[in-house]
Amino acid sequence: MQERIDRIRDEIAQAAASCGRDVREITLMAVSKTHPWDAVMDGYAAGLRLFGENRVQEVEAKFPPFEERPDGMQVRLIGHLQSNKVKKIVPLVDGIDSLDSLKLAHLISDCSMRNGTRMPVLLEYNTSAEDAKSGFESEHDLFDMLDHIEELPGIVVRGLMTVGPLGGDERTIRNAFSLLRTVRDRCKARYPSLDFSTLSMGMSGDFAWAIREGSTLVRIGTRLFGARDYTT
Ligand SMILES: *Cc1c(COP(=O)(O)O)cnc(C)c1O
């Protein structure tokens, strides 16, 4: 585990150096989906702190309650969230990185307020126009949600997230990441009082390109934990 982490960190540093970026701008999220709690703890022991999970039931089954988690461990939801699971997930995670509709934003905000917290969120954007993917489908829909932000005191916007095209050549993949950066810049200009500092993009196969396109958060599963039995 330590070797794999060191290697990923090296590659992140190289990608950052290759485009003149400061490596400290880039956070490594370990995507532990389908891997057991023991794997999470191996990663934690080797220095990983931020974990990503894509299913509500899995977070519930795998992670102990907040007060029993190791110091500094954070877990965020990165997979599509169904309305009927909002109540369950809000008390279990440090953030929701896959917010993709105004309706969901209302539900998360209301639930967080009732719990006496505010939930950090990333807005997921579909940069590859693949129907199977979640995420806001257009800038219009994204802005429509952000236009309602005053009604959503229980969420705190931190930035945007995308899943790049699965497959495709370097140009296609980088175009998707570059689109997210452009959308982020337009959000910043339009909503200057909101925080869009996080740009979550890049996975095991494409994180170096994502960093060159401005990623500040890479989500790495396979390269840290090995292959998964099933993919989601
Ligand atoms: C599974 C998953 C990842 C990690 O994918 P790898 O290719 O295994 O690194 C990243 N982001 C999301 C949203 C995922 O579902």
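Is threonine 117 buried, partly exposed or exposed, and what is its relative accessible area? Threonine 117 comes out as partly exposed, because its relative accessible area is 39%, and the partly exposed class runs between the under-20% cut-off for buried and the over-50% cut-off for exposed. Keep in mind throughout that this is a predicted model.

Let's stay with that residue for a moment. Threonine 117 sits in the loop that links helix 5 (102-114) with strand 5 (119-124). Setting aside neighbours within four places in sequence, threonine 117 is in contact with Ser112 and Gly154. Proline 91 is 26 residues away along the chain, and its C-alpha atom is 9.2 Å from that of threonine 117.

Helix 5 itself holds serine 109. That serine counts as buried, because its relative accessibility is 0%. Leaving out residues up to four places away in sequence, serine 109 touches Leu152, Pro153, Gly154 and Ile155. Gly154 turns up here and also among the contacts of threonine 117.

## Around the ligand

Now for the ligand. Its surroundings are made up of Val31, Lys33, Ile78, Val163, Met203, Ser204, Arg219, Ile220, Gly221, Thr222 and Arg228. Sorted by class, that shell has five nonpolar, three polar and three charged residues. Some of these residues place an N or O atom close to a ligand oxygen, as the table shows.

| Residue | Part of the residue | Distance from its N or O atom to a ligand oxygen |
|---|---|---|
| Serine 204 | side chain | 2.5 Å |
| Glycine 221 | backbone | 2.8 Å |
| Threonine 222 | side chain | 2.5 Å |

How much of the ligand's accessible area does the protein cover? On its own the ligand has 390 Å² of accessible area, and the protein covers 90% of that.

One member of the shell, isoleucine 78, deserves a closer look. You'll find isoleucine 78 in the loop between strand 3 (74-77) and helix 4 (86-89). It is classed as buried because its relative accessible area is 12%, and the cut-off for buried is under 20%. Beyond its neighbours within four places in sequence, isoleucine 78 is in contact with Met29, Val31, Gly52, Glu53, Asn54, Asp97, Ser98, Met161 and Arg219. Two of those names, Val31 and Arg219, also belong to the ligand's surroundings. From isoleucine 78 to phenylalanine 143 the C-alpha distance is 21 Å, with their positions 65 residues apart in sequence.

Threonine 34 is in the loop between strand 1 (27-31) and helix 2 (37-45). Its phi is near 70°, a positive value in a residue other than glycine. Most residues other than glycine have a negative phi. As for accessibility, threonine 34 counts as partly exposed, at 24%.

## Helix 7 and what follows

Helix 7 covers residues 170-190. Does its length in space agree or disagree with the expected span? At 1.5 Å a residue, its 21 residues should span 30 Å, and the end C-alpha atoms are 30 Å apart, so the two agree.

Which residues of helix 7 are buried? They are Ile173, Ala176, Phe177, Ser178, Leu180, Val183, Arg184 and Cys187. These buried residues pack against helix 6 (139-147), strand 6 (155-161), strand 7 (198-200) and helix 8 (207-212).

After helix 7 comes tyrosine 191, in the loop that leads to strand 7. At 10% relative accessibility, tyrosine 191 counts as buried. Its contacts, apart from neighbours within four places in sequence, are Phe143, Leu146, Asp147 and Phe196. With Phe143 there is a polar link too: a polar atom of the tyrosine 191 side chain lies 3.1 Å from the backbone oxygen of phenylalanine 143. Glycine 164, by contrast, is 27 residues from tyrosine 191 along the chain, and their C-alpha atoms are 25 Å apart.

Strand 7 includes threonine 198, which is buried at a relative accessible area of 17%. Not counting residues up to four places away in sequence, threonine 198 touches Leu122, Arg158, Gly159, Leu160, Thr216 and Leu217.

Last, aspartate 206 sits in the loop between strand 7 and helix 8. With a relative accessible area of 8%, aspartate 206 is buried. Past its neighbours within four places in sequence, aspartate 206 is in contact with Ile173 and Phe177, and both of these are among the buried residues of helix 7. Lysine 87 lies 119 residues from aspartate 206 in sequence and 33 Å away in space, C-alpha to C-alpha.

Terms used. Residues are numbered from 1 along each chain as its sequence is written. This is a predicted model: local features need pLDDT of at least 70, side-chain atom pairs count only at pLDDT 80 or more; totals for chains, interfaces and linings use all residues. Side-chain values use heavy atoms; hydrogens and water are left out. A residue is near a molecule or strand if one of its heavy atoms lies within 4 Å of it. A polar contact is a pair of N or O atoms within 3.5 Å; within protein, one must be able to donate a hydrogen and the other to accept it, and residues adjacent in sequence count only if both atoms are side-chain atoms. Accessible areas come from the Shrake-Rupley method with a 1.4 Å probe; for residues, only the protein chains shown count as cover. Ala, Val, Leu, Ile, Met, Phe, Trp, Tyr, Cys and Pro count as nonpolar, Asp, Glu, Lys and Arg as charged, and the others, Gly among them, as polar. Helices (H or I, at least four residues) and strands (E, at least two) are DSSP runs, numbered from the N terminus. The expected span of a helix is 1.5 Å times one less than its number of residues. Buried means under 20% relative accessible area, exposed over 50%, partly exposed in between (1.4 Å probe, protein chains only). Contact means heavy atoms within 4.5 Å.
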